[in-house]
Amino acid sequence: MKKGKLVSFVIVFLIVSLSCNFLFPGNGSHLPDINGIGQSASNLPVLDPTAPLPSPGAAQLRTLLADEPGLVTVIADLETAEQAAMKAAVADLQAHLGPTSSTLDFVSLVPSLLGVSPFMIPASARQSTSGDALFVSYSQPGVIQQAGGGISPAALIGLLSSMFTDIFSLPAAFPNRGFTQTEKEGLAVTKMSMEIGKSEDGSSHFGMGLQSETTENGVPIKTDMSAVIDGQRCPTAEGQVSFSIKARISSVSGGTGTTQDLTTFVRATVNDDAEIASSTFDVIQGTTQVKDGRQVYVETGDTFKYGPDLNGGKESNWRLNQKTDNVTQEDVNQLDPSGLQAALELGLASLTSAMDTWQSGGCTKIVATSPGTVQKGSTTAIDVNVISKFDGTNAPSKLNATLTGAESINPTSLARTPGTLSYTAPNENGKSAAILLTATSRRGKAKLELSASTGGKLSASGDWGAASLTGIIDSLNNPFTLVSTGGGDGSCNGEVVFSGGSTGGTVSCSQTCAGLDFVGDGSYKITTTENGGTISGDCSSYLPASGGLDTPDSEPFNVTLQPAP
């Protein structure tokens with residue numbers, strides 16, 4: 001009798017043990033391709049706010065095309081509407097830039113409109129997992145790149161929200177302010193909401209939402225993509241980065257839909273080369289699926305860690321947090337891995353965007369003064385320091401100095417800023433040089449180009465389209481003007497005014513041809529050589545009079561510089 005009870009106990013014990021092993025798998029078979037996702041994140045593009053931005057809603061609908069090919073007819077309209085809404089948001093932020101600085105004037109923006117968090121789990125879904133041991137047998141999802149070569153919706157919403165956070169979150173602290181915009185294209189209607197702010201401690205806050213609606217053969221289709229980022233995205237003096245990003249990715253077509261509520265806590269350390277030394281992503285995903293009149297909810301969590309360059313990915317601490325009572329093993333197998341992958345992609349995309357910012361001068365800056373116009377054969381001391389853009393404190397950095405032109409810079413590197421460089425000018429007038437400074441530290445990278453010239457005038461001659469450009473330049477560091485003749489029927493005359501700067505800048509141009517006055521603007525670049533140099537660029541001119549040419553006519557110019565006699 002006792003032996004029989006013992007056998008029963010052993011059987012029960014084995015069942016429970018196996019169930020626990022399934023619930024908390026240790027062989028990694030349930031995980032997405034961690035290293036593949038990490039390397040994909042390393043190659044994500046850097047978004048340009050001045051270009052048409054990718055549409056999260058369209059990306060989400062494209063993931064449904066295999067099951068609902070009819071959606072292809074509405075994707076283009078939804079994409080156009082979302083792009084228009086984001087373009088309006090960029091324009092609104094840029095419109096509030098101060099006229100003499102990069103300080104945003106948010107006084108005219110309305111208070112925050114994202115006060116209600118979109119990440120609350122419905123009460124009906126907040127049910128305990130006690131008493132249910134669901135084992136996990138997963139298939140491996142792909143990496144960030146989705147079918148068709150596009151970026152996954154989670155990575156895309158991470159990139160978009162991070163772009164707004166990092167580009168428009170200014171060094172100075174300011175309270176949260178918001179913006180809304182509604183755009184229509186065909187049957188598609190998009191509402192965009194946004195809020196942005198920065199705290200005294202340097203941490204930033206940004207939230208955005210894109211809710212779009214359209215119909216396909218009378219069936220309503222809705223997408224909801226939103227994200228909120230909070231935390232420290234510029235590395236601290238210790239090289240620490242810490243922020244959270246929450247997102248909602250939802251699509252509903254008729255009575256069928258899936259909503260992923262994602263939360264990712266990101267921690268990273270940055271080395272002295274401004275590269276990621278290590279990173280940790282604590283993720284929580286909650287997926288709600290409505291299909292065939294049945295609604296289920298599964299919430300799980302996990303931790304992913306990477307070494308340098310987002311390699312050596314490891315996983316730990318997988319857990320099943322919540323689920324509805326009607327969840328089956330098949331539901332968990334389907335919803336959990338895709339949700340975990342989306343949360344990881346979200347965090348990785350946001351971190352790589354932050355890294356691009358701190359490696360592109362978004363967090364630190366070099367403080368130094370150009371030698372400007374100097375005497376031939378003279379030596380000029382250049383004091384160099386690197387500071388945090390946010391609080392102005394020193395950011396000791398490695399510094400490299402590269403000289404283009406004559407004569408020399410010494411030393412060509414500093415092991416640690418602050419420090420002093422010396423520029424020695426050539427023993428000849430009419431020479432110019434550019435000194436490129438590059439500073440690198442665990443707080444980020446920064447670049448600054450300085451200019452120097454030995455005075456003496458330069459003779460300029462070249463072409464501007466069919467016209468000729470000529471003139472004498474006193475100094476490349478100051479604004480100068482070249483005269484144009486010829487062009488058109490040969491009777492045109494005008495001028496191109498250069499803004500000044502030994503490496504390049506902007507131009508304004510004017511020209512009179514056959515009694516018509518054309519005006520325009522453009523940009524230029526200067527390349528210096530031992531015997532002078534070249535100026536290249538273009539100026540797009542148009543006829544401002546009503547009814548005249550309203551499409552700018554771009555004309556390139558190429559000018560050769562030589563010492564003036």
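This passage describes the nonpolar cores, the salt bridges, a buried threonine and a set of paired strands in a predicted model.

The largest nonpolar core comprises 67 residues, and the members that touch the most others are L53, F164, M192, F281, L348, L351 and W358. Among the secondary-structure elements, helix α6, which spans residues 329-358, gives the most to this core, contributing 13 residues. The surroundings of L53 can be described in further detail: when neighbours within four places in sequence are left aside, L53 is in contact with L47, D48, Q83, M86, V90, L160, M163 and F164. A second core, separate from the one to which L53 belongs, holds 20 residues, including V374, A401, L421 and L450. In soluble globular proteins, nonpolar side chains tend to be buried together.

Salt bridges were examined next, and the count for the model comes to six. One of these joins the side chains of R442 and D272, with an N to O distance of 3.1 Å. The two partners belong to distant parts of the chain, 170 residues apart, since R442 is found in the loop between β18 (432-441) and β19 (444-453), whereas D272 is found in the loop between β7 (256-270) and β8 (276-291). Both ends of this pair are classed as partly exposed, R442 with a relative accessible area of 32% and D272 with a relative accessibility of 42%.

A salt bridge is also formed by D273 and K398, whose closest N and O atoms are 2.4 Å apart. Because D273 lies in the loop between β7 and β8 while K398 lies in strand β14 (residues 398-405), this pair ties together parts that are 125 residues apart in sequence. Here again the partners are partly exposed, with a relative accessibility of 38% for D273 and a relative accessible area of 36% for K398.

In a further salt bridge, the side chains of K457 and D474 meet at 3.6 Å, N to O. K457 is placed in the loop between β19 and β20 (458-464), and D474, 17 residues apart from K457, in the loop between β21 (467-473) and β22 (480-486). With a relative accessibility of 48%, K457 counts as partly exposed, while D474, at 52%, counts as exposed. In general terms, side chains of opposite charge can pair when their charged atoms come close.

Attention then turned to T364, which is placed in strand β11 (residues 364-367) and which, at 2% relative accessibility, counts as buried. The side chain of T364 reaches the backbone oxygen of K445 at 3.5 Å. Apart from neighbours within four places in sequence, the contacts of T364 are V386, I387, K389, A395, R443, G444, K445 and A446.

The final region considered is strand β23, which covers residues 493-498 and in which the side chains alternate: G494, V496 and F498 point to one face and are buried, whereas N493, E495 and V497 point to the other face and are not buried. In a regular strand the side chains alternate between the two faces of the sheet. Strand β23 pairs in the antiparallel sense with β22 over six bridges, and β23 likewise pairs in the antiparallel sense with strand β24 (residues 504-513), over six bridges. E495 illustrates this arrangement, as E495 stands opposite V483 and has S510 as its bridge partner in β24.

Notes:
Residues are numbered from 1 along each chain as its sequence is written. This is a predicted model: local features need pLDDT of at least 70, side-chain atom pairs count only at pLDDT 80 or more; totals for chains, interfaces and linings use all residues. Side-chain values use heavy atoms; hydrogens and water are left out. A nonpolar core is a set of buried Ala, Val, Leu, Ile, Met, Phe, Trp, Tyr and Cys residues joined through side-chain atoms within 4.5 Å. Buried means under 20% relative accessible area, exposed over 50%, partly exposed in between (1.4 Å probe, protein chains only). Helices (H or I, at least four residues) and strands (E, at least two) are DSSP runs, numbered from the N terminus. Contact means heavy atoms within 4.5 Å. A salt bridge is a side-chain nitrogen of Lys or Arg within 4 Å of a carboxyl oxygen of Asp or Glu. A polar contact is a pair of N or O atoms within 3.5 Å; within protein, one must be able to donate a hydrogen and the other to accept it, and residues adjacent in sequence count only if both atoms are side-chain atoms. Two strands pair if DSSP finds at least two bridges between them.
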